[in-house]
Amino acid sequence: MESLSALALAVASAALGMWAMVVRRNLVWKLLGLNVASGGGILFLVALSHRTGARPPIVGLGPGPAADALPQALVLTAIVIHFATLALALALVIVLTEHRHTQDSRKLEER
Amino acid sequence: MMAVLLSALAFGLAVFALTRKRLLWGVIGVGVHSLVLAALYLVLAAPDVALTEAAIGFGLVTFVYLLALRRTGKLVVAASPLYPLLYAEGERVAGLEWEILERFARWCHRDLELIWVPRAEILRLVRSGEAHVGAGGFLPNPHDGVVYTQGLVPTRLVRVRLGGGPIGAVVGEPGASWLGSDGKLFEDADELARALSRGEVGEAVTDLLRWREWETRDLFSGAEATLLPGEHRFAFALNPEDEELRESFAEFLGELERRGELSELIRRHLG
Amino acid sequence: MKLLLALGILGLVGILAVGIAGLWPRADFPDPDPVARGWRVTNAVAAIVLGLRLWDTLLEVLVYVVAMVGVRFLLVGLHWKGELPPVSETPLLRRSADLLLGPILVFALYVAASGHLGPGGGFPAGAILGSALLLLALAKGMERVSAELYEPRLESLEYLAVVLLVFLAALVLILGLRTPAAFVTANLLIALEVAIGAWAVLHRFSSARGEV
């Protein structure tokens, strides 16, 4: 039940983020859409690592079976990389705005 | 149960954030969405991921967006000076329109950059999108190819008669429609004033504030001024393609008016 | 265009749904406890990040550093033109930043150093540290803080941390070193690297800005 609702949210977030990335014309809005979509992807993996009544993958922390540690370890680095690439993308947006005076993707594609 | 609630909340926040018009709201919405996701990870038995998401997704990412917004969201204002509305006071810029623009920039989290250009150049810059806002005593003219905000300060057109000769007006201003067949158009009001004092034109059509400025500078002492019919209002010129800016400017001005600050500002600057 | 978009999103949802159907509910679930015990720590996630899949983490840190270098490279020619607004002094924020900075620093160190025992690790610790520095900048004005804190030496410290991390990884991967001390050191180095990278980026983004 828990992981099912989280999986549903993950799929919905990914779709919502993709929608925003396609429909929104401002580059920063596209990045915000990417943010939400990547959150969906991360949540997808975390939800897959969970099972009913699971405890965190730490030895001796409560009863019950442990959640899978591998997807959690993978998304840990994904979050950090997301921050780094986001900073790079925003730096590119800053440079573009300085040179072209617009953040509208359609106008940027014109020339 | 907790996970279902948090999922619903996170989805609601994501929808809220991505359907806003103002970028600031989007950034704040996505930040809070990240925080809710962190709580959800905690419920899903992933405390490491939750801690990382809270520290990076909520903390650093939001900061980096806000800083980038300040740098990219520069609000370029192209303007020509007109005394109580927008003028340079030593190193500083002051005036009613400047104060409104400063408040608007703070309201939408952007920085102001002002460039002084002649009136005709303002229109070109605003139309091409190189400047976001045209300011400095703009009287709306439907043939300009730009859109205008709501009118701020009412004014009238004035016909200044100094001697015989053709009529002069500033290009693009509504006064230009009063020109006869031999009328002359000028790039901005200072050129018009110079031409009038040199006798190149005998009459000039301008607005009440400009005329008052000329009077206080004692430029044309013997001139006779007649008010022309019809009321005009000073407004800001905006790029017609920038719907986002137009909507947020209208929202901001509406808010300012509702709180009564607009009339207070006008009273303070215009007396 | 709209149709294409709808089809694309539907396709994405479909792929994810097929993925869910194949992956969930999962029949076999590996037990992470033996992995953690094998690396002589209690947090299985830390055992995977800094032990079993250390290569991933190492390259990920490299990606982070390269991205930060890219940000510096992109923004190096851009300087803020025009006059800067004066820093608005907010005494409450400044006082609370002074009071909070010490505890936040200690907390970040704790999160980094206890990453192999419980939730935590170098990445969140570095992010907490970076956020704390930004809080300080928020309260005192970016220029004053970056004048005191932002020196090229700090950047070279970041590269030094990466080099040390590579050496440590060589010890773990080649010589088979399996001690909690290696985990603590690696977590502290990662925290240092993430914090300096984040601080440098935030500094670049707001260079010559009076307030955040």
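Biologist: How much area is buried between chain A and chain C, and what share of that area do carbon and sulfur atoms give?

Modeller: In this predicted model, chain A and chain C bury about 3800 Å² between them, with 83% of that area coming from carbon and sulfur atoms. Three residues of chain A, namely Leu48(A), Ile58(A) and Val59(A), account for 15% of what chain A buries against chain C, more than any other three residues.

Biologist: How many residues does the contact take from chain A and from chain C?

Modeller: Chain A contributes 41 residues to the contact and chain C contributes 43.

Biologist: How should one read a salt bridge, and what is the count between chain A and chain C?

Modeller: The general idea is that side chains of opposite charge can pair when their charged atoms come close. Between chain A and chain C the count is 1 salt bridge. The partners are Arg55(A) and Asp33(C), whose closest N and O atoms lie 2.6 Å apart. Beside this, 3 residue pairs are in polar contact between chain A and chain C, both residues of each pair being at pLDDT 80 or more.

Biologist: Which helices of chain A each supply at least two residues of the side that touches chain C?

Modeller: They are α1 (2–23), α2 (27–48) and α3 (69–100) of chain A. The largest share of this side, 19 residues, is supplied by α3(A). When the side of chain A that touches chain C is sorted by class, 32 residues are nonpolar, 5 are polar and 4 are charged.

Biologist: Let us turn to the interface of chain B and chain A. How many residues of each chain are in contact?

Modeller: There, 45 residues of chain B meet 48 residues of chain A. The area buried between these two chains is about 3800 Å², and carbon and sulfur atoms give 74% of it.

Biologist: How many salt bridges does the rule find across the interface of chain B and chain A, and how many residue pairs in polar contact?

Modeller: The rule finds 0 salt bridges across the interface of chain B and chain A. It finds 7 residue pairs in polar contact there, with both residues at pLDDT 80 or more. On the chain B side, α1 (2–18), α2 (23–43) and α3 (47–72) each supply at least two of the residues that touch chain A. The most comes from α3(B), with 14 residues. By class, this side of chain B has 27 nonpolar, 8 polar and 10 charged residues.

Biologist: How many salt bridges does the structure hold over all chains?

Modeller: The total over all chains is 13. One within chain B joins Arg103(B) to Glu261(B), with the closest N and O atoms 2.5 Å apart. This pair links distant parts of the chain: Arg103(B) belongs to helix α4 (residues 96–107) and Glu261(B) to helix α9 (residues 261–270), 158 residues apart.

Biologist: How does one read the packing of two helices within a chain, and at what angle do the axes of α6 and α9 of chain C cross?

Modeller: One looks at the axes, the handedness and the residues that meet. The axes of α6 (residues 122–140) and α9 (residues 180–205) of chain C come within 7 Å and cross at roughly 35 degrees. The crossing of α6(C) past α9(C) is right-handed. The residues of α6(C) that meet α9(C) include Gly122(C), Phe123(C) and Leu133(C), and those of α9(C) include Ile190(C), Val194(C) and Trp199(C). This contact has 13 nonpolar residues, 4 polar residues and no charged residues.

Conventions. Residues are numbered from 1 along each chain as its sequence is written. Chains are lettered from A and ligands numbered from 1 in the order in which they are written. This is a predicted model: local features need pLDDT of at least 70, side-chain atom pairs count only at pLDDT 80 or more; totals for chains, interfaces and linings use all residues. Side-chain values use heavy atoms; hydrogens and water are left out. Contact means heavy atoms within 4.5 Å. Buried area is the accessible area (1.4 Å probe) that two parts lose on being put together, summed over both. A salt bridge is a side-chain nitrogen of Lys or Arg within 4 Å of a carboxyl oxygen of Asp or Glu. A polar contact is a pair of N or O atoms within 3.5 Å; within protein, one must be able to donate a hydrogen and the other to accept it, and residues adjacent in sequence count only if both atoms are side-chain atoms. Helices (H or I, at least four residues) and strands (E, at least two) are DSSP runs, numbered from the N terminus. Ala, Val, Leu, Ile, Met, Phe, Trp, Tyr, Cys and Pro count as nonpolar, Asp, Glu, Lys and Arg as charged, and the others, Gly among them, as polar. Axes are lines fitted to C-alpha atoms, for helices over the stretch in contact, and angles run from 0 to 180 degrees between N-to-C directions. A crossing is left-handed if the near helix is turned anticlockwise from the far one by less than a right angle, and right-handed if clockwise.
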